[in-house]
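Work through the exercises below with the structure open beside you. Try each task before you read its solution.

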Amino acid sequence: MANVALRSAMLNAKVTNQSLADRCGVDVKTVERWLQDEARVPHLRHQWAAAEALGVETGVLWPDAIRNTVKTGPDKEVLTVYPYRSACPKSIWRNLINAARNEIVFAGYTNYFLWLEHPNLAKVLKRKAQQGCKIRFLVGDPDSEVTRRREEVENVPLTVSTRIRITLAEIEQLRDVPGIEARYGDEHIAMSVFRFDSEMLVTPHLANLVGHDSPMLHLRRYQDDGLFDRFAYHASELWSNGRDVWQQPQPTGQMLGD
């Protein structure tokens with residue numbers, strides 16, 4: 001049976017057989033066999049590459065790969081694992097943001113990449129807040145000792161404090177929107193948690209690597225006190241100990257372009 005899902009995704013993304021083969025590092029005849037036989041499941045690395053190229057989850061393209069590895073233990077809440085955060089298609093983030101109705105939490109230390117990869121994010125979040133979705137940003141304090149030490153570890157031109165200040169400038173335009181809050185907190189320096197109702201993206205930061213080079217888990221809540229609830233508790237505790245960004249003077253320092 002032909003793989004209708006794969007063919008449909010390729011048409012939507014305007015990706016040809018040859019271009020998909022190039023992105024996956026396989027021969028074009030291999031892609032043709034994927035299209036001809038729904039039961040033919042590529043190697044995992046090729047599934048990831050194809051999903052990234054087409055902007056969908058691997059389970060959409062090859063549902064049999066999930067059905068053949070049905071999870072019954074605590075890891076059943078793990079939908080997808082990415083060896084690098086940057087390997088997750090931007091469409092996944094976009095779909096999660098658009099689908100959330102009740103709660104969105106951005107608990108990344110800088111959250112800088114969000115504005116880089118989603119230029120209209122502020123407008124989208126404002127509209128969602130007006131529709132009743134509660135939105136929270138938890139960011140690091142750009143002037144804290146934790147931030148300073150992290151800058152020494154990363155040793156990159158675009159410093160941690162600069163990336164945080166870019167986020168602060170972006171969310172400033174959302175300051176007076178009911179339902180949108182922002183707090184400082186330094187304790188999430190080693191782990192980012194992004195929640196969208198009952199789904200979540202979690203990035204544990206490795207050693208001296210920046211966020212996009214660290215692995216990421218895509219979780220969906222299926223049970224009480226499972227992985228999702230544990231990480232949700234983590235983010236909630238950090239939030240409760242955070243300091244309101246908008247009830248204290250803005251940190252000093254120049255922005256890019258000043």
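**Exercise 1. A pair across two strands**

Task: Which residue in β5 does F106 stand opposite?

Solution. The model is a predicted one. Step one: look at how the strands run. β2 and strand β5 (residues 191-196) are antiparallel, and 4 bridges join them. Step two: find F106 and look across to β5. The residue opposite is F194.

**Exercise 2. The order of the sheet**

Task: In what order do the strands of the open sheet lie, and which are the edge strands?

Solution. Step one: count the secondary structure. The protein has 12 helices and 8 strands. Step two: read across the open sheet of 8 strands. The order is β1-β7-β6-β5-β2-β3-β4-β8, and the pairing is mixed. Step three: pick out the strands that pair on one side only. These edge strands are β1 (78-82) and β8 (243-244).

**Exercise 3. Strand β3 and its partners**

Task: In what sense does β3 pair with β2 and with β4, parallel or antiparallel?

Solution. Step one: take β2. It pairs with β3 in the parallel sense, over 4 bridges. E103 stands opposite K134 in β3. Step two: take β4. Its pairing with β3 is also in the parallel sense, over 5 bridges. Here R136 has E181 in β4 as its bridge partner. Step three: ask how β3 sits in the structure. Of its 6 residues, 5 are buried, so β3 is largely enclosed by the rest of the structure.

**Exercise 4. The buried face of α9**

Task: Why can the buried residues of α9 be said to line one face of the helix?

Solution. Step one: list the buried residues. In helix α9 (residues 121-130) they are L121, A122, V124, L125, K128 and A129. Step two: look down the axis of α9. The buried residues fall within an arc of 160°, so they line one face. Step three: recall a general rule. An α-helix has 3.6 residues a turn, so residues three or four places apart point the same way. Step four: turn to the other side of α9. K123 and Q130 are exposed there.

Task: What covers the buried residues of α9?

Solution. Step one: name the helices. The cover includes α7 (90-99) and α8 (112-117). Step two: name the strands. The cover also includes β2 (103-107), β3 (134-139) and β4 (180-184). Step three: check the direction. α9 lies across β2, β3 and β4, and runs at about 135° to β3. Step four: look at what comes after the helix. α9 is followed by G132, which has a positive phi, near 105°.

**Exercise 5. Helix α12 on the sheet**

Task: Which strands does helix α12 touch?

Solution. Step one: locate helix α12 at residues 227-240. Step two: list the strands. α12 packs on the sheet and touches β1, β3, β4, β5, β6 (199-204) and β7 (216-220). Step three: add the angle. The direction of α12 makes about 105° with that of β5. Step four: name the buried residues. In α12 they are F228, D229, F231, A232, A235, L238 and W239. Their cover includes β3, β4, β5, β6 and β7.

Task: What span should the 14 residues of α12 have, and what does the model give?

Solution. Step one: use 1.5 Å a residue. The expected span is 20 Å. Step two: compare the end C-alpha atoms. They are 20 Å apart, which agrees.

**Exercise 6. Positive phi in two loops**

Task: Where do N155 and D225 lie, and are they buried or exposed?

Solution. Step one: place N155. It lies in the loop between α10 (145-154) and α11 (160-172). Its phi is positive, about 50°, although N155 is not a glycine. Step two: place D225. It lies in the loop between β7 and α12. D225 is not a glycine either, and its phi is positive, near 60°. Step three: apply the cut-off. Exposed means over 50% relative accessible area. N155 has 66% relative accessibility, so it counts as exposed. D225 has a relative accessible area of 59%, so it is exposed.

**Exercise 7. The whole protein**

Task: What percentage of the residues count as buried?

Solution. Step one: take the total, 258 residues. Step two: 47% of them count as buried. Step three: turn to the surface. The accessible surface comes to about 13500 Å², and 50% of it belongs to carbon and sulfur atoms.

Technical notes. Residues are numbered from 1 along each chain as its sequence is written. This is a predicted model: local features need pLDDT of at least 70, side-chain atom pairs count only at pLDDT 80 or more; totals for chains, interfaces and linings use all residues. Side-chain values use heavy atoms; hydrogens and water are left out. Buried means under 20% relative accessible area, exposed over 50%, partly exposed in between (1.4 Å probe, protein chains only). The arc is that of the directions from the helix axis to the C-beta atoms. Contact means heavy atoms within 4.5 Å. Accessible areas come from the Shrake-Rupley method with a 1.4 Å probe; for residues, only the protein chains shown count as cover. Two strands pair if DSSP finds at least two bridges between them. Axes are lines fitted to C-alpha atoms, for helices over the stretch in contact, and angles run from 0 to 180 degrees between N-to-C directions. The expected span of a helix is 1.5 Å times one less than its number of residues.
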